[in-house]
Amino acid sequence: MKKFNIRKVLDGLTAASSSSSSASPQSGNRENDIIQETLQSEHFQLCKTVRHGFPYQPSAMAFDPVQKILAIGTQTGALRLFGRAGVECHCQHETGSAVIQLQFLINEGALVSALADDSVHLWNLRQKIPAVLHSLKFSRERITFCHLPFQSKWLYIGTERGNIHIVNVESFTLSGYVIMWNKAIELSSKTHPGPVVHISDNPMDEGKLLIGFECGFVVLWDLKSKKADYRYSYDEAIHSVAWHHEGKLFVCSHSDGTLTTWNVRSPAKPAQIITPHGKQPKDGKKPEPCKPILKVEYKTARAGDTFMILSGGLSYDTVGRRACLTVMHGKSTAVLEMDYPIVDFLALCETPYPNDYQEPYAVVVLLEKDLVVIDLAQPGYPSFENPYPLTIHESPVTCCEYFVDCPAELIPALYSVGSRQKRQGYSKKEWPINGGNWGQGTQSYPEIIITGHADGSVKFWDASALMLQVLYKLKTVKVFEKARNKEEKPSTDIVEEDPFAIQSLSWCPESRVLCVAGVSAHVLVYRFSKQETTTEEVQLLEVRMQPELNEVDSPDAGGEQASAVSTPGASSSPQSSAPQTHPSTSSNNSSDGLRDNVPCLRVRNTSLKQSPGYQVELVIQLVWVSGEPPQQITSLAVNSAYGLVAFGNSNGLAVVDYLQKTLLLNVGTAELYGSSDPHQRQPRSPRKARQPSGGLCDGNDGFVGSEDRCKSPTSGSGSPCHSDDESKQKFLERVKSKSKLISKSVANDFGYVHNLVMYCKAKMSRKFSMAADQKQDGNIRWQHSLPSQKPQCEVEAVSRRKARTIPKNHFVSKSNARDNSFSRSRSSSVTSIDKESREVITSLHFCDCLSRKSEVAAVTSLWVGTSLGTMLAISLNVPSTPDQRMQQTVGISFCGSVVRLKGGILRMALLDSTGALQPPAYECWYDPNAPEEERERTKRRRPASPPSTQENQDSHYAVVCSEKQAKVVALPSQNCVFEHNITENSFVLRADVVVMPAGICIACFCANGHIMTLSLPSLRPMLDVNYLPLTDMRIARTFCFSNLGQALYLTSPTEIQRLTYSQETCDNLQEMLGELFTPVETPEAPNRGFFKGLFGGGAQSLDREDLFGELAAGKASRSLAQHIPGPGSMEGMKGAASGVVGELARARIALDERGQKLGELEERTAAMMASADSFSKHAHDVMLKYKDKKWYQL
């Protein structure tokens, strides 16, 4: 019988609908016949793979001393389990309630979690993806504390009312045995003792249960007789209790910073009262109260003094002191300061038995934003070097990029230079949390994640094989001078907090050239070197990007309105540009008193020692223009083969030659169109100022309200509309306050939300009207102007030291001023904010293509995408030989627009005639600091250039994806062969052209949470999954796709979530994931000794089944708690086992159970064989001993 596949039917339907709805010319059918696509929907499936980073908002912790597994619960209901480096797992409670306590079933492969919604869950850790077996939801009482004795199946649950209930963890049913608070205290207290804060059994007598109440009351309960043996009372509230392993003493920590030690048989008063951090008065009075001691642990050692470890308890006069962990060992006391508040801590001991010497060897300290493990066996208590990738949030992540299938030598090169950055002083012992086993994955390609941070640092991570390890850290702040205090802080900053934050980055893995853009409108170019060098002077290039006229509101005056309508970028009095020998360290005021030609940051003017790794090649800074701050960079691209960096913002586009340190191009966006500008532009009328929306790249950043507006500095007069000093001061304060509000909104949640998809949807609700059916001219060329001509576009580059400067009249703008207004409207599912209309450079792409219809040979080109949906092409004439490249200037000519789409352009790519992806040209890496005789500069390595084309014949294709559409355009004819409307009611946040094992596709992430893939070049929908609604701008800022079906995003300020949309990876995921549970023998119980066994003493066991079972205790009230079978239990499996999928699940479960039983049988067989061999050996020895003896000699 032929297998029915619903996916193929859906493929046919979507392909038919796509072909019918797409406006494809006739040539599209011909191209589809030529290019055979191999991608099918069967190649795609979406699933999460692994989560990296520190658990966000941790709340509880537990440790299995036999399996060596650590579990951490969070306030959002998440569970993170850690074993050895590379073995970690993430689980999530469905309710999302905070985890208040965790308890391992030691060496059983199970975990109990108690949540703030009064539910208890049993997790099965014997599978690679843990699942809930059982849940119990309390309805009448609130859970406050849980205790599970070692090798016991009965869980004690304390409640807010002071009662204790008992749960069978095998069936997750309540026992009828209940310890009521009034029975526990009887008449010893006149008031309610408060919630239960501690439960533990006596290490030497399992029948004695110690119950601690919040008010300071402690009861030793006899489980057999169902009554209290002893009651202990103290005036201060109790936070925690710890036993001595012999069961004769216990210690309580109190809210006044005291520790009380009690003898079990002397309940009248404490045996000892100490205040570890209190000042002892000389007159013998009670010490001054201290802060509460939140937790204490009492551990013993066979050879040496006992350990008493506590958190809190500091004196109240230590204001501003960081959280501390106190280790009291014998007579010595060590106070260990932590970087963050302490959430919980656990002492790691050699034995899991509470009635034996504990022999503590380490302390795991869970902080709010870090995990620290302290070595107790070495003097000074050094910490272990943490192998987990828990430092992602060391500074808030501001941008993220993901590279799959990188050059094989790249990761070793980054690791070699990054290993020198590691801190010293760690413990020499191995990391003590080393349980679990690595997965047997088949993925062998290298993966690298790059994260940019708020402090200006850039981190490179090795993400191969579902692991994550930091390779190298680059600090961009070293290039700049840091202000020592707020008074020295320059007044030219456009952001008050984190001015060095990374906004976007462009990286070429083959050449190892890195380009970084920061929020202070600066761009840094880095090259990789394995040798240390000292740079005497940092190369600086200051760029003056003139605001377009349609971005500056004109004053509301009838006589001056007409004068403001001038050619964008024109200047009546351009300033001369000359190289500077000193950095711009103070405000350079123009004639009207406003800041002019001043960068936002100061580049250091002293020598810079650069360690092996990434070393700065060039610093590019945008400067203030006539009182207007520079607009932040919204797009960035670097190409090592051409030696060029291109970047754009809301003011226009700039192209820099980082080899010659010169500015090649600096034009406004409108001037890119030439005379064929489809948009009608004119200045906007002034209107009331609005509050910024929170993104650092809002379209109206740096502009003020109508009462504080100034005339355009290019309109001729150059004077502000209010000439008095008060207006000037108000203008500057408004600019600063706007940036300050944006910067403060970023710091919330310590996630750096300053760029909602590069330009933060500055066009959330724009209005525009385009000239209908206006034909684009692809043959417009802008030539260099003659020196005698008056420049219409001011292009200035202020360079320092060895930087060269291109004359201002290098280019001529032929665009004409428009008299009619234009508007654009768009609504989004996230928000609808009225933004000022402006065209922003949103995407850049270097390639070798046929940019003009008349061209027959591919030329070097730069594609420019704008926020109004236009893709433009710029032709670059790069000198061919290395000598000519360093002496001649790169020629630039404009080719006009190629295609227009709905929404802003997000991604552009080039396909060859066979439909294969044509990557940009690159230069192979060489060490720039190597000696000249040893350095063999590798020849430029370009991908195969598209073949020359005949007339009326297309040889390659441009793929363009916007926020609404995707189009495939044939070149050089510029005919749209395929078109697909991605979304109507939402918009695309991230789009990437990625290579899959079976072909090429476009991967998109929309604001409504959908993840979609489209095949290339036909743009057939392959995948559409409603994955994750956009609830946080952090997701929009960090979501990125990569090759081979990999993707990631920042799911919290501290965690990276990786996912795959590849069916092959999903099928192999189980093999790739690590195993948490491994079969380990439980250590032998401590020896009772001859005299203890003969005369009694030692640990006394208890048959809890006789006390808590249904026969002895009866059934509990049904209304007290509700049992809920989990998806991982047999009941849950039976409920899901409907149809073929259920049958397969049952078969897999049965197979796993059979394999487990066969494994146990094999172990038993091996044990029997070993026993038989031992018996045979002993029998042979006896035979040899009595072989030659007579019967009377026996």
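**Exercise 1. Find which residue of S52 is the bridge partner of Arg907, then work out how S52 sits among its neighbours.**

Step 1. Look along S52: the bridge partner of Arg907 there is Cys961. Strands here are DSSP runs (E, at least two residues), numbered from the N terminus.

Step 2. Arg907 brings us to strand S49 (residues 905-911), which pairs with S52 in the antiparallel sense over six bridges. Two strands count as paired if DSSP finds at least two bridges between them.

Step 3. Now try strand S53 (residues 965-971): six bridges join S52 to S53, and the two run antiparallel. His956 has Leu971 as its bridge partner in S53. A hairpin takes the chain from S52 to S53 through two residues.

Step 4. Check the cover. In strand S52 (residues 956-962), seven of its seven residues are buried, where buried means under 20% relative accessible area, exposed over 50% and partly exposed in between (1.4 Å probe, protein chains only). His956, Ala958, Val960 and Ser962 point one way, Tyr957, Val959 and Cys961 the other. That fits a general habit: in a regular strand the side chains alternate between the two faces of the sheet.

A word on the ground rules: this is a predicted model, where local features need pLDDT of at least 70, side-chain atom pairs count only at pLDDT 80 or more, and totals for chains, interfaces and linings use all residues. Residues are numbered from 1 along each chain as its sequence is written, and side-chain values use heavy atoms, with hydrogens and water left out.

**Exercise 2. Explain why strand S37 is largely enclosed by the rest of the structure.**

Step 1. Count the buried residues: in S37 (residues 540-544) they are five of the five, so the strand is largely enclosed.

Step 2. Take the faces in turn. Leu540, Glu542 and Arg544 are buried on one side, and Leu541 and Val543 on the other.

Step 3. Find a partner: S37 runs parallel to strand S39 (residues 613-622), joined by four bridges. Glu542 has its bridge partner in S39 at Gln621.

**Exercise 3. Say which strands are the edge strands of the open sheet S45-S46-S47-S48.**

Step 1. Four strands make up this sheet, in that order, with antiparallel pairing.

Step 2. Strand S45 (841-849) and strand S48 (891-900) each pair on one side only, which puts them at the edges.

Step 3. Step inside: strand S46 (residues 859-866) and strand S47 (residues 870-877) pair over five bridges. Ser861 has Ser875 of S47 as its bridge partner.
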